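Trainee: I am new to this structure and would like to go through it step by step. Could we put the sequence and the model up and begin there?

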Amino acid sequence: MLKQDFLNDTIRRSVDSGLFARGKRFEAFLKWWEEMVRYEGEEDEAPDSRHNLRLQILQEIEPVILWAPPLSYSGLATTGRADKDAAMIYLSPMLEFEPMPSVIHTICHEFCHIYLKHHRHIDVDGAKAAVEAGLGHGGTPHELEVESLCTKLGFPKAAKAEGNSYLATIVNAYVKGKGNRARKMLSDTLQLKWE
Ligand SMILES: [Zn+2]
């Protein structure tokens, strides 16, 4: 597939599906794309290996539907408007509150999962082993493989900024003074730790 086809397919089908509107996630996707196709080795005769890897991924990756509903939607009943078997990436509305480099990294991370076909071969044993070894979700073989690829592509995971994410800060403010039941429910749902 030509890399331009990938862009058109991904954006057009996602926007048509009604689940990918303008916003930080949209902007971050375009920034990631622009960087992916930016030629870095112009001064050299031969393109550098990072550039080649980026192009290889854009040429080989299957079409993806980006599912990024607005934060204001309480719920949504819709049809997929895509092939039953189409690859999909969910981007949380909470990303609208995260710093741009972190949103771009998340987008790169999810596209790497698709490129590596992790969505087609869920590694149950690897996930189980990571849990047994006391490693979190980030310690599973698929996650390590994805992060390594993100780094090679030039989108390394940003060092965690001081303090909590914007979401955690809001939720921490919200749970102050709430009962334990409300705190436990939110902590289970959002997988956040309380200050
Ligand atoms: Zn992942």
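Mentor: Let us start with a term: a nonpolar core is a set of buried Ala, Val, Leu, Ile, Met, Phe, Trp, Tyr and Cys residues joined through C-beta atoms within 7 Å. Please keep in mind throughout that this is a predicted model.

Trainee: Which residues touch the most other members of the largest nonpolar core?

Mentor: The largest nonpolar core holds 20 residues, so the term just given, which asks for buried residues joined through their C-beta atoms, applies to each member. Those that touch the most other members are Leu66, Leu91, Ile104, Ile107 and Cys108.

Trainee: Which element gives the most residues to this core?

Mentor: At least two core residues come from each of helix 2 (24–37), strand 1 (64–67), strand 2 (87–90) and helix 4 (100–115). With 6 residues, the element that gives the most is helix 4.

Trainee: How are helix 2 and helix 4 oriented to each other?

Mentor: Their axes come within 9 Å, crossing at roughly 70° in a right-handed sense. The contact involves Ala28, Lys31 and Trp32 among the residues of helix 2, and Ile104 and Ile107 among those of helix 4. Since angles of 65 to 115 degrees count as roughly perpendicular, helix 2 and helix 4 are therefore roughly perpendicular.

Trainee: Leaving aside neighbours within four places in sequence, which residues does isoleucine 104 contact?

Mentor: Isoleucine 104 belongs to the core, and it is also listed in the contact between helix 2 and helix 4. With neighbours within four places set aside, the residues in contact with isoleucine 104 are Ala28, Lys31, Trp32 and Phe155.

Trainee: Where is confidence lowest in the protein?

Mentor: The average pLDDT is 84, and 88% of the residues score at least 70. Confidence is highest in helix 4, at a mean of 96, whereas the lowest mean, 76, belongs to helix 7 (residues 166–175).

Trainee: Is alanine 168 buried, partly exposed or exposed?

Mentor: Alanine 168 is found in helix 7, and its C-alpha lies 8.8 Å from that of leucine 190, 22 residues away in sequence. A residue is buried with 20 or more other C-beta atoms within 10 Å and exposed with 12 or fewer. Because alanine 168 has 16 C-beta neighbours inside 10 Å, it counts as partly exposed.

Trainee: How many helices and strands are there in the protein?

Mentor: From the N terminus on, the elements run α-α-α-β-β-α-α-α-α-α. The count is 8 helices and 2 strands.

Definitions and conventions:
Residues are numbered from 1 along each chain as its sequence is written. This is a predicted model: local features need pLDDT of at least 70, side-chain atom pairs count only at pLDDT 80 or more; totals for chains, interfaces and linings use all residues. Helices (H or I, at least four residues) and strands (E, at least two) are DSSP runs, numbered from the N terminus. Two residues are in contact if their C-beta atoms, placed from the backbone, lie within 7 Å. pLDDT is the predictor's confidence in each residue, from 0 to 100. Axes are lines fitted to C-alpha atoms, for helices over the stretch in contact, and angles run from 0 to 180 degrees between N-to-C directions. Angles under 35 degrees count as roughly parallel, over 145 as roughly antiparallel, 65 to 115 as roughly perpendicular and the rest as oblique. A crossing is left-handed if the near helix is turned anticlockwise from the far one by less than a right angle, and right-handed if clockwise.
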